[in-house]
Each structure stands twice: as structure tokens, then as C-alpha cells.
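Got your viewer open and a selection box ready? Here is a walk through the chains, one selection at a time.

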Amino acid sequence: MTAAATTNHKPQTKNPLGWFLSEYLGLGLTVLLFLALAPFTPGLATSNNLLNILGYLLPLLIVAIGMTLVMISGGIDLSVTSIIALTSVVGAKLMTGDAGVPTIVGVLTMLALGAGLGALNGAVITLLRLPAFIVTLASMMFLSGFAIWLTQSKSIYGLPGSFLALGQRLPISLALTVVLALAAHLMLRRTVFGRWLYAIGQNATAAHISGVPVRAISTAAYAASGFCAALASVLLTARLETGSPVLGREILLDIIGATVVGGTSLFGGKGKIAWTFFGVLFLTVLDNALNLLSLSQFSITITKGAVILFAAVLDAVRSRFVVRSS
Amino acid sequence: MQPATNNQLQTTNNELLSFRGIEKAFFGVKVLKGVSFTVPAGGMVGLVGENGAGKSTLMNILGGDLQPDAGTITLEGSGYAPLNPQDATRRGIAFIHQELNLFPNLSIAENIFLTRFPRAGVTPFIQRGGMNRRAVDLLREVGLEIPPDRLVETLSAGERQLVEIAKALSIDARLILFDEPTTSLSERETDRLFALISRMRARGITMIYISHTLADVFRLCDDIVVLRDGEVVGSGATKTFTTEKLVSMMVGRTVSQLFPERRSLGKRGDEAEAGFATGAPLLEVNGVSQPGVLRDISFTLRRGEVLGLSGLMGAGRSELARILFGLDPRTAGEVRLNGEQLPRLSPRELIERGVAFLTENRRSEGLCLDASVGDNFTLVTLPQHGRTPLRWLAGASLKSAVERIRAVVKLDAKTSDSQPVRTLSGGNQQKVVLGKWLLRQPRVLMLDEPTRGIDVGARFEIYQLIHQLADQGAGVLVISSDMEELMGLCDRILVMCGGTLVDDLPRAQFDRERILRAALGTNQEAAP
Amino acid sequence: MNRTSRRLLDLAPFLLFVTVLAIFGVQSPKFLESGNLVNIVVQASSTGIVAVGMTFVLLTAGVDLSVGAIMFVAAAVAGKMALAGWPLPIILPVMVAVALMFSACNAFFVTKVRVAAFIVTLATLFIGRGLGLRITETRAMNLPDSFLELGSARWLGVPLPALLFGGVLLVAHLVLTRTPFGRQVFAIGHDVEMAKKAGIRTGRVLAAVYLISGLCAAFAAMVSLGQLGAVSPKFGEQKEFAAIAAAVLGGTSLFGGRGNVFPGTLLGALLIQAIENGLVVVNADPYLYPMITSVVIFISVWLESLRNRTR
């Protein structure tokens, strides 16, 4: 079927509640927020600040893309930030010092490590039939601990310039993110793998009976999530010029929050890369605007919490409305 | 037959419960068409009927799980219109279901007193001593000598049932309803249950007993009410019935008009006998067993054959299909497809070899309810449309596949491809599941209750599709509780009872009563 | 699976605990000295109390991610009040009230709006942490000595934190095993629809469970304040994960309906603390702690799932 036949029901736009049910709610809210805050927020609409927003947004979006894939399959990956930290220090260790490997080898090692750790998560979840929440929680603790042990809690400096360019030249990270987002989007919409992923999240039993290789596909989703985390780690490590064992530690809830705010369901089977982009955009702009309004960290955190709750309530009400109207 | 004139039981002055003109429809299909009968106080009434006759619906109405569209229920002379299960409990009605409603992670006594725990004085604590003592008394009444603090999960099926009865006694139930209580019981447990039932009768408790085991109904009940297609077709004192009479009443003759396709089928039936009986064996099943589920099942499905699998609920029909499709394990037996022995049964490998399986649980196992019609149609055949190394989906071929199959299954034209399947009617949903498998062009198609909850028009179309497929040389295995359907549709019918195959009838020998007797296990010649 | 291995699986949390004690005991005799064992109990109190509340929530097949944030807010309020000169007998009840306000929020959204517990409590986690930061103005607050005195005080020779832990444990154990409410928690955890059908008022029970979790978070905040004597911006951070880990280690199922606070959650909390303490005593690389803890958690969850699968 064509891309027009979407996995999610598009409600009639003539419905008076159409805007409320629309999948572009996230984007609309972002624009509204931006327009509403711009007059009161000095510096929000300046090109410098927009670049700043973009720099912060890209790694977040990359990790959130991986999280979206996992959530569509009905799982969750709490280990992403630990994978970021571990790949950061492993990559930095490899590329620095006298026997430093070339940048390309270092980056590929980081990506392979991330994908491998993700696949390990997935294999444990599907083969031992354990809840994703607890498995990735345990691997979050373990990998983070491993990263800290590996470096004895010290950051690693002296990364090669060719590597630093990856994070500091915006066009490069922008291109990487756009390519990844497009690839993920097309994969979900236009490939067998993507369709299978939705089917598993919607009804794993029906998918199994229909011949979908449920275990392999779920495992692949976790591997993809690990890969995305590693790619984000490349950008973050390069931008901060350090391999840090606590890299990305504070963004886990932002990632889950952004994905859920975008509309991807925690219960699987529903989600889009575009939605996740809107969610990340919304959270980043909000964060940035509140920062510029020189509201302190606490207001930002509170607002984020309120926004996540709001999105969840909206989703609960929305799904009940859709069910009732059908 | 007018129920109103025919269904008065002999006692009317001391009636405990009476149904008057109860009607209920689901999705426009009438399941109960004005059911009326009375249950005398202290009596024991047997309620019999084929699967789908409306027994469960009637009992769900009595239990407050469903509300009738029309009609009234009178309990002890006053109106009774329960809105939820608690209303039924409050009025002293208790249910002993086939699948038990006990919490396995709680103790026996806790299950009995879950919403009415005795408290120790004014403290918030459960008076465990008192509760357990009362539980012991109740358990003794039902003949269970087990400490009341044992967890329910450690009990056997029979013991759990006795706990349910003890729970019923604890609310001083005046009316207890048994729904197929002996299905999962051993012979000894059944005897124990029957002894208990007579003790409860002696105490004046009124009971309704639903069962397919007619011998038990004859043994236990004073009166019998026969339901067929949502109507009471006969009622009276047990002694006025014989097994023969009961079976022919349950089966009935009137429904055959609902199967207009029989005319065309007659011709095809002859053809099948001539041509396909000698057709090549397609699926050969040899000695498939799984302890407690199936015992030594062997049969052959031939090319072009529509093979029916009849039997009562719990006979092992769906279990057999699930094992053949690799969804459940088996301990013994081999399966050959086109003469080639299958080493391992798994859905993926079977689908690759052209086997398809439409399960009985359309919503939980057949469909992704929130996904679109198009996505559901193409779920099985998706890899065929993505053959490039990146498994890129060919949009045009997908679209044309959806269009093609829509036409084949005659999906309602108003339905759009992007509509979530959840929003479709049951009949259209079933067409989607069927279409999903037909797109695979299966050589063996197993259908479990393909027309359950579907209106007549859609049924007709599904039958036609089954015929078309068989005419093209596929083998079709149809599991159905609707005997008329099997007899109208199939070239041959296998009958299962208690996990074994008990009868095998070619089309020329189709006989409702013989099939029903075999399924009930009363067919002595055919039973092992 | 035969009977012996089934029995072994049932005893898994206990066996793990004994094994850990034995390993560290062999490595260093100091580990098994009574002083150190008491230390383990005292250090485990804060996490243990939160884990007791978490056990209630997990038993209903829910989860409460907001406990750490609730601790932070309660502690921040307490710190502010203490610095303003309020006496302890007023501060402590206020902490409880603050925590209950938060968990009432959780309860409302979970039972009335029917949003997934995971999301609701994730959101209140954010809100709580933000609020806490606001109250503390993102600075560490050093509290008057009265708190530290309270933390190291003894009553009949028993350290106060351990006493509170014991009290919470005892009450929770009695509530779960001896009251109608407790038994209904188990019923809901097994199958909430079945419980509703059986006539249990599931909304009330679920709401109560989140309130209990909040209450426990308040007590845990008191214990932590008594031990640290300060409120830092990291106060209570990741406590939710430690609490879930302790409860699951003790054999509580993430899918509801199975578990206990005594001995389960107690053993779980003590086990986590014993590992950490043992690693200190044997002078292990402190960076190994989280890795070893997570491996132990993983093993115990796996054992628990094996145990459930045999049912």
C-alpha cells in the first residue's frame, strides 16, 4: 500500500475537534509556544540562538529516534544514556594517546559497540522473556558503572581534531541527523522491517501467528536504539571535546518525555519519526526559551514535567475519544 | 413452536426464578429471541443446547454481566434486573463457571471472604482464626479436607471448583448455577461433585445445571429446558425426555434454510466424492499427542477437500490446530506436508510452505486492531512485496494486492484501506483476517470458528471463498461448533471428544444425531 | 522442573543474601562483626523504607518513579523550615503532608484519568525535582545539628533509622498480610478486571497504594536527612531505581500480585546495602559497586521470572 494508507487513523479534519486529534498537535504547540514567547524573550529568535537550539536538539533527536523504534515495538530502553557514556569513553580511549587509532576506526568502533550492546539488551529481553524495563534498567546501571570504572571517573581529553569536527561543525552533525531521521522514517514507512515493527507493538501474538520473526525484529529495534545512542555519543563527545563517563546522564527522561510528548505510545504499535521530531523540538524550544527568560533550572524541570503529564492526559483523553467516535 | 404455551414447568406456585420474554442481540444478530421459563424453588433444572444456542448469554444476563434488550426476570416474586455481578451476589445467586474466578495468589479462605473479611473487633485486622474456622466449616460442607490457608494455586481443578461452591455457600446462595462444571474434572472429582450437589439439594438450594454431558443432566435434574437458536424449544420433567428426543430437539431442523449455498454445494459434493477422495494426500497427521490435551491424533487432509472438525468445547479441536501450526508444543507424532516430513513446526516455516491458520480469537490473535485494513491484509505476505536487499516495499504491488483481495473477500465498499480495523463490524473484520491468509494463496488452510459472531450474509460469502479455495486444489480444515455449518460446507467430518478422534464421516453419511452423540461421548461404537 | 529446583528458586533471595554474607565474611572478618551488620541495617533504612512503599505499588502491577523526587521536595521543605527556626515536631508532619500531596496527584491521574502509572509518576518526578530545586535555590543546605542528632540517636540501643525502618516494615507487613485492604492489593495485582468483577473497589485500593508509597518516601526523607544532615540538589536522586531493585530482589513481581515486604523487600534492601558495604570493607574498587549490584539485580530478576514461569 502507499504511504497514504497510514498505520494510524487520520480523523476527519472537518471534525470540530480535528485540531485536537491531529498528529501535528506537537508541531502546532511548538510554533505557538515560539510565537508566544518570542516577543517577551530577548534573543529567542536570533540566528545565534537558533543555532544553539539546533546544536542541543540534534543529539537528543538521534537518541529519541532509536527510542521511538523500541517504543513502537512495545518496549522501552532505559540504557541509552549509559550506552552514550560508555561509547564515549571507549571511543576516546581508542583515539587518544600514543597508539591512538584513526578517527574513522574510533567512530566505527563506537557505533558497533552501541549497536552490539543494544542487541544484547534485545536478545536478553526476547530470549529470557524478561520485562524490558528491568533489563534495560540493569544494563543502565551496569554500563554506566563500567564506563566509570574504565576511566576511574576521569574525563578523557586530547581527542583528534578530525573527530572534534564531527560535533563542532554544525553542517556535519546536521547532515548526519537528517540522514538518520530520513532513513528511520523511510524504514518505518516503506520497508518490511518497519511494518513488522508496528505489527509487533500492536499485537505480538497476531504478528507471531502471521509469520513475523518477532524475536529477531524486537532485538533489531534495541540494536538500532544502541546504535543511535552511540551516534549521539559521537556528536556529544566531539562537541564537549571530552570522553566522559557521565555523558548524557541527565537526558534520559528528556528523551522518553520528548518521544511520548510527540505521541508515540508507551504501549507500542503507535509512533512516527516526525512525531518524535516535533516532541524533541517542543521540549528543546521550551527548555531554551525558559533558559533565556532566565528562569532557573527548577522552573524548567517543573514545566517539563507538567508538559509530559499534559501530553499523557491528552493522549488518554484522545484515545478514549477516538474509540468512542468509532 | 410457541415457547409461551410449551415451556411451563410442572410447578408454578412455588417458583424461585422466572424468565419472561428475554431478548438480546449482538451487532444486530439476535442471540436470544424471547426466552421464557421458570425454575421451581428447591428444584434442579438442566439447561441444554448446542454451542451458540444462547445458554451463556442467558446466564450472563442472570449474573448481571449483560442487560437484556427486552423481557423481565422475577426472583422470589419480585423484579430482578441486575446491573453488575454484585447485584447477583446480593440477591443470593452464585455461579460456578467453567473457568474459575479465583485468585491463585490468595488463600482458600481469602478467596471465599475477599470482599467480606471478618474483622477482629474494632481493629483493622482480619480475624484470621475466625475466618479460617468458618472456611473449614464451609470446606467440610463441600467435602474438602484442606487447610483453608493453602494458596489456591496449589489446588487441582476439582478442588478449586469445590472452593467456588464453598464461596457460594458462604453468601447463603439460594440459586447456584453450574456451567459445564465437569469439563476439567477427573471421574472421582465428578462423583464427589455430584454427591455434593445432592447434599445441597437436600438443603433446599435451587440449581441450574448447564452441560453437554447429557447423562449427567438426566442423572441430576428434575426438569430440562432445551434452547436452540435463542429460543426455548422444549421443556418439562426429566422423565418425559429420552436421550434421542433431547438430541433431536437440540439439533432441530429449521435452521437449514439459513444455508442457501447448499444447492451449489450438493453438486460440488458429488464431484468431491468422485475426484478428490482419491486426491493426493496434502497434510498427513500421524499420532500427534500432548498429555492432557490430545491423544494419538491421526488423519489425512487431501487436495481439494473441505474437512470439518466437530466436537464440543474442550474436545481439543482448537488445540489440535494450534499444535499443527506450531503455536503449542507436542510430545509425540509426526506431520507430513505433501509427503515431506516437517522437522519442526513453527508459524514462519509453515507459512513458507503454504499453510495458513485463522484462529478462533479474531481480535486477540488475528488482527492488529489499531492498524489499518491495508496493513492487516498484507501482514502475512509483506516479504513478497519487499524483495530488494533493503526489503523495500513496492508500493504499487502492495496497493494492487490490497485492491485485489478486497474484491475477493467482498469487503464493504464504504470501508477505506486506511481505516483502523477496530472500527469494522465483526463480519468485515473476519473478512480481513481471511483475506490476509488468502493473499498467501495457501495450500492448506485451517479455519477455527470462521463464522463466529458473523451475520448470515457475510457467512455466505466466507463459505463461497472456502469452496473456491478447495476447488483450486487446496485442503481446508474447518473447526466449527455450528454443526449445520460443517454439514453444509464439508466433504468429510471428523469428530473429536476428550482429546481423541472418535468418528470420521464422509459426506454421504452425514447425520446430525450421530455426530452429536459421538461428540457427547455417548456413541458407544465409535468411542474408543 | 522438579521439586528441589523449585524449592531452591523459591529460596533464591535468601540464598543470594547468605551467599553474599559468606563471601564477604570469608574475605574480611570485619564484615560479619555485629557493629558492621548494624551499620548495614542503618545504611539500608532509607532505601528500604522507600522500597516498602514501592512494593505496595508493584504488587498492584503499577510503578512509582516519583519517590526520589518526593523525598527531595519533602527534604527541601524541611530544610527551609529548619533554617527558619521551626521545631522538629512541626517540620516532620509537614514533610508527610507535602509527600502526600504529591502522591495524591499520582493517585488522581492513575485512577481517575487512567493515565499509565509510568508516565504519571515520570511527570511528577520532573515536577518534584524542579520544585525541590526551586525551594533549595539549587544550593546544598546544611541543616541544624538537631537532624544529625536525630539520625544517630538510639532508643533502647537501637539506632533510630533502623527503628523507623523496622516499624514501617512491621506495619506494612501487617497491612499486607492481615487486613482486607492488603489482601485486595494482591487480588488487584493478579487481575484488576477480575477484582472489579469480584466487587473490590479497585479505584480506592489503587489510590491508597500510591499514597502509601508517598508516605514511605516522606519517612525515607527523614532518615536520609538524619544521616546526611544536609539537602543537596542530588538528594533522593535515582532512589526510585534502588527501591524497585530492592523490591524485585526480594521476589516482588513487576507484573503484580506476587511479593512481600517481609522478608522479601527487607532482604532485597539489605542485600544491596550489604554488597556495597562489603565492597568497602574488603577495599574493593568503589567503581565496581554499581556493576556488581546491577548483575545481582539482573540475576535475581531472571530467577524470579523462572519461578513465575513454573506456576
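A salt bridge here is a side-chain nitrogen of Lys or Arg within 4 Å of a carboxyl oxygen of Asp or Glu. Keep that rule in mind, and remember that what you have on screen is a predicted model.

**Stop 1: where chain C meets chain A**

Select chains A and C and show the contact residues: 39 residues from chain C and 39 residues from chain A take part. By the salt-bridge rule, how many pairs turn up across the interface of chain C and chain A? The count is zero salt bridges. Polar contacts do turn up, with four residue pairs between chain C and chain A, both partners at pLDDT 80 or more.

Now colour the chain C side by element. Helix 6 (117-136), helix 12 (239-249) and helix 14 (289-309) of chain C are the elements that each give two or more residues to the side touching chain A. Helix 6 of chain C gives the most, with 13 residues. Switch to colouring by class and that side of chain C divides into 29 nonpolar, five polar and five charged residues.

For areas, chain C and chain A bury about 3,700 Å² between them, and 85% of that is on carbon and sulfur atoms. Pick out Phe126(C), Tyr287(C) and Met291(C): in chain C these lose the most area to chain A, together 19% of what that side buries.

**Stop 2: chain A by itself**

Hide everything except chain A and switch to cartoon. You should see 14 helices and zero strands. Of the 326 residues in chain A, 60% are buried. Among contacts in chain A with a separation of 6 or more, 79% are between residues 24 or more positions apart. Turn on the surface: chain A exposes about 12,200 Å² of accessible area, with 70% belonging to carbon and sulfur atoms.

**Stop 3: where chain C meets chain B**

Bring back chain C and add chain B. Here 21 residues of chain C are in contact with 19 residues of chain B. The buried area is about 1,700 Å², and carbon and sulfur atoms give 61% of it. Between chain C and chain B there are three salt bridges, along with six residue pairs in polar contact, both at pLDDT 80 or more.

On the chain C side, select helix 8 (160-178), helix 9 (180-190) and helix 10 (192-197), the elements that give two or more residues to the side touching chain B. Helix 9 of chain C gives the most, with six residues. By class, this side of chain C has eight nonpolar, six polar and seven charged residues.

Zoom in on Glu110(B) and Arg183(C), a salt bridge whose closest N and O atoms are 2.7 Å apart. The pair crosses between chains, from helix 4 (residues 108-112) of chain B to helix 9 of chain C. Are these two buried or exposed? Glu110(B) and Arg183(C) are both buried.

**Stop 4: inside chain B**

Show chain B alone. Its cartoon has 19 helices and 20 strands, and 56% of its 528 residues are buried. The accessible surface of chain B comes to about 21,400 Å², with 50% on carbon and sulfur atoms.

Select Asp69(B) and Lys24(B), which form a salt bridge at 3.7 Å, N to O. The partners are 45 residues apart: Asp69(B) is in the loop between helix 2 (55-62) and strand 4 (70-75), and Lys24(B) is in strand 1 (residues 15-26). Lys24(B) counts as buried because its relative accessibility is 12%, and the cut-off for buried is under 20%.

Next, try Glu305(B), Arg492(B) and Asp504(B), which are linked in a network of salt bridges.

Then go to Ser211(B), in the loop between strand 8 (206-210) and helix 8 (214-220) of chain B. Ser211(B) is buried, at 1% relative accessible area. Beyond its sequence neighbours up to four places away, Ser211(B) touches Leu47(B), Val48(B), Glu180(B) and Val217(B).

**Stop 5: inside chain C**

Last selection: Lys80(C) and Glu137(C), a salt bridge with its closest N and O atoms 3.8 Å apart. Lys80(C) is in helix 4 (residues 67-83) of chain C and Glu137(C) is in the loop between helix 6 and strand 1 (141-142), 57 residues along the chain from each other. Lys80(C) is partly exposed at 37%, and Glu137(C) is partly exposed at 40%.

Key: Residues are numbered from 1 along each chain as its sequence is written. Chains are lettered from A and ligands numbered from 1 in the order in which they are written. Side-chain values use heavy atoms; hydrogens and water are left out. Contact means heavy atoms within 4.5 Å. Buried area is the accessible area (1.4 Å probe) that two parts lose on being put together, summed over both. A polar contact is a pair of N or O atoms within 3.5 Å; within protein, one must be able to donate a hydrogen and the other to accept it, and residues adjacent in sequence count only if both atoms are side-chain atoms. Helices (H or I, at least four residues) and strands (E, at least two) are DSSP runs, numbered from the N terminus. Ala, Val, Leu, Ile, Met, Phe, Trp, Tyr, Cys and Pro count as nonpolar, Asp, Glu, Lys and Arg as charged, and the others, Gly among them, as polar. Buried means under 20% relative accessible area, exposed over 50%, partly exposed in between (1.4 Å probe, protein chains only). Accessible areas come from the Shrake-Rupley method with a 1.4 Å probe; for residues, only the protein chains shown count as cover.
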